Structure formats: structure tokens, C-alpha cells
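Reader: I am new to this structure and should like to understand how its descriptions are justified. May I ask for the reasoning behind each term?

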Amino acid sequence: RLPCSIRVHVYLARDLPSTGDEVLADPYLIASCAGASSRTKVHPKSLDPSFNSTLELHPLALPSAPSFRDPLVITVRDSNLSQDALIGQILLPPKTSPGGKPLWYRLQKGGEKEWKAGAGELGTSAEPGYGPRVLLAMELYGEGGRPLGGGTEEPPHVFPARDKYCVELLVFGLRGLVAPSSLVPVLHPSLIATLASSTKHSRPHRNPYPTDPNVAETYVF
């Protein structure tokens, strides 16, 4: 057997389906292979989460022959108070991604169960615009951190490069506001502006009319 570890760089997921009555999901991702597993944190209220996480599975002892190795199982679940729901799975051969490049993989239902029954297939890369999918890259390491089964190029960092900017938002007024219910009129409307993780709240406005208030406020992010 081959002593090794697997490093899974999970970048993001797109077009995830909701699993219950809620419009959005609370997804998290689990990587597992040969009894070892690691998971990301839960990303609340999102069908397009940016996981930006590196998961490491170790220690592993995989068969030397790649054809006899258990697959790397990528599972995306929806966190619920009662029972977490399965969104989808990807089964991949445990090896280093070619050229260290992240690839899109399609999520499927019941992949691991079908694999154990002898009917499952290993996942294949997907086009960027095709259904529920996850962008990830893998690295297989032997003892002493020696790369195995692929090139030596490292995948790009899971946290994208960022530039610092300042955004100034000038709000002059709101027009034609409609109440969500015919039983409750618009009385004291306010505005909430969100950019990245920053949120700004205006005070209530009702002049000259609640449905057409003048705001005249500036928000700086």
C-alpha cells in the first residue's frame, strides 16, 4: 500500500438546487476517501457558494495500483435543523489534477451508493455553464510531501487576489414603492445597501410621500 495524503482545493459551486421548501440552501462540502474525511463550513442562504477552502485527508494507505483505489468522494449537503439533505456527489480518482488546474465537476445524486453496488461511474469534468457543479483541484502527496501521479504545478490559491477599493453610493430618492400586502400600506420605508460583507441602513423616510420618499443620503463602503 501507498502511504499518502490528498489535498482538495475547493473553490466554489454554482447552480445548486434547493432541497426543501426553502428557496435557498445552506450548503457545505465533505471530501472523503478510504475512511478519512474533512469538510468546509456551512455557507448560509446560497445556491452559488464560494467555499474557498483547502481540505486535507491524511493519513491514507491506498493500493499502489490506481485501479484498486477507492474513489475520492465529494459530497455537498444542505444543512438543516432536523436532518441534512443530500444535494449531490462527485466520485473522482484520487490523483493530482493535470497541471494543477481546477476543473468543474457535475454533481450527481447517489454516486457513492451506486459505486459500491458496482454501477457508479467516476466523475468527469463539466463545461462551466452546465447544471449543479463544483470547481476544485486535487493534489496527491506521498511521504515527505512528495507529489504523486501528476505534474508539479500547484493549483491557484483558494482565496482570489483582491484589490482595495472605496465605493460611494449617493441615494437621492425612491419612487413608486408598492406595499407587499394590500392590507398594510407603505408607511415608513427605509433602504438597505449591501456590498460584500458590509451593510448600510438608512433611517425611515416619508417625505413628501411614503411611496415616493426623498432620501438624500450617502453611504461609503
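Author: Certainly. Arg-133 is a suitable starting point: its relative accessible area is 7%, and it is classed as buried. The model is a predicted one.

Reader: Why is Arg-133 called buried?

Author: The term buried applies under 20% relative accessible area. Arg-133 has 7%, so it is buried.

Reader: What makes the pair of Asp-15 and Arg-133 a salt bridge?

Author: The rule asks for a side-chain nitrogen of Lys or Arg within 4 Å of a carboxyl oxygen of Asp or Glu. The side chains of Asp-15 and Arg-133 meet at 2.7 Å, N to O, and therefore satisfy it. This pair links distant parts of the chain, with Asp-15 in the loop between β1 and β2 (27-33) and Arg-133 in strand β8 (residues 133-141), 118 residues apart.

Reader: Is Asp-15 buried, partly exposed or exposed, and how do you know?

Author: Partly exposed is the class between under 20% and over 50%. Asp-15 has a relative accessible area of 43%, so it is partly exposed.

Reader: How many salt bridges are there by this rule?

Author: The count is 3. One of them joins the side chains of Arg-7 and Glu-56, at 3.4 Å from N to O. Arg-7 belongs to strand β1 (residues 2-14) and Glu-56 to strand β4 (residues 53-62), so this pair ties together parts 49 residues apart in sequence. Arg-7, at 25% relative accessibility, is partly exposed, and Glu-56, at 33%, is also partly exposed.

Reader: Why does the pair of Glu-217 and Arg-203 count as a salt bridge?

Author: The limit is 4 Å. The closest N and O atoms of Glu-217 and Arg-203 are 3.8 Å apart, so the pair qualifies. Glu-217 lies in strand β14 (residues 212-220) and Arg-203 in the loop between β12 and β13, so the bridge ties together parts that are 14 residues apart in sequence.

Reader: Which of the terms buried and exposed applies to Glu-217, and which to Arg-203?

Author: Glu-217 has a relative accessible area of 16%, and is therefore buried. Arg-203 has 54%; exposed means over 50%, so Arg-203 is exposed.

Reader: What makes the approach of His-205 to Glu-217 a polar contact?

Author: Among the conditions is that a pair of N or O atoms lie within 3.5 Å. The side chains of His-205 and Glu-217 make such a contact at 2.8 Å. The side chain of His-205 also reaches the backbone oxygen of Asn-214 at 3.3 Å. His-205 is found in the loop between β12 (198-201) and β13 (208-209). With a relative accessible area of 7%, His-205 is buried. Leaving aside residues up to four places away in sequence, its contacts include His-188, Pro-189 and Pro-213.

Reader: How do you know that Cys-4 is in no disulfide?

Author: A disulfide requires two cysteine sulfur atoms within 2.5 Å. For Cys-4 the nearest cysteine sulfur is that of Cys-33, 7.6 Å away, so Cys-4 is in no disulfide. Cys-33 is likewise in no disulfide, its nearest cysteine sulfur being that of Cys-4. The count of disulfides is 0. Cys-4 is buried at 7% relative accessible area, and Cys-33 is buried at 2%.

Reader: Why is β2 said to be largely enclosed by the rest of the structure?

Author: Of the 7 residues of β2, 6 are buried, so the description follows.

Reader: What makes β2 and β5 a pair?

Author: Two strands pair if at least two bridges are found between them. β2 and β5 are joined by 6 bridges and therefore pair, running antiparallel. Leu-29 has Val-76 of β5 as its bridge partner. Val-76 in turn stands opposite Gly-88 in β6. Strand β5 (residues 72-78) is joined to β6 by 7 bridges, again antiparallel.

Reader: Which strands stand at the edges of the sheet, and why?

Author: The open sheet has 4 strands in the order β3-β2-β5-β6, with antiparallel pairing. β3 (36-39) and β6 (85-92) are its edges: each has a single partner strand, so one side of each is left without a neighbour in the sheet. From one strand to the next the twist averages 20°. At the β3 edge, β2 and β3 pair over 4 bridges and form a hairpin with 2 residues between them.

Key. Residues numbered from 1 in each chain as written. Predicted model: local features only at pLDDT ≥ 70, side-chain atom pairs only at ≥ 80, totals over all residues. Heavy atoms only, no water. Buried < 20%, exposed > 50% of the residue type's maximum accessible area, 1.4 Å probe, protein only. Polar contact = N/O pair within 3.5 Å; in protein donor to acceptor, adjacent residues only side chain to side chain. Contact = heavy atoms within 4.5 Å. Axes fitted to C-alpha atoms, helices over the stretch in contact; angles between N-to-C directions.
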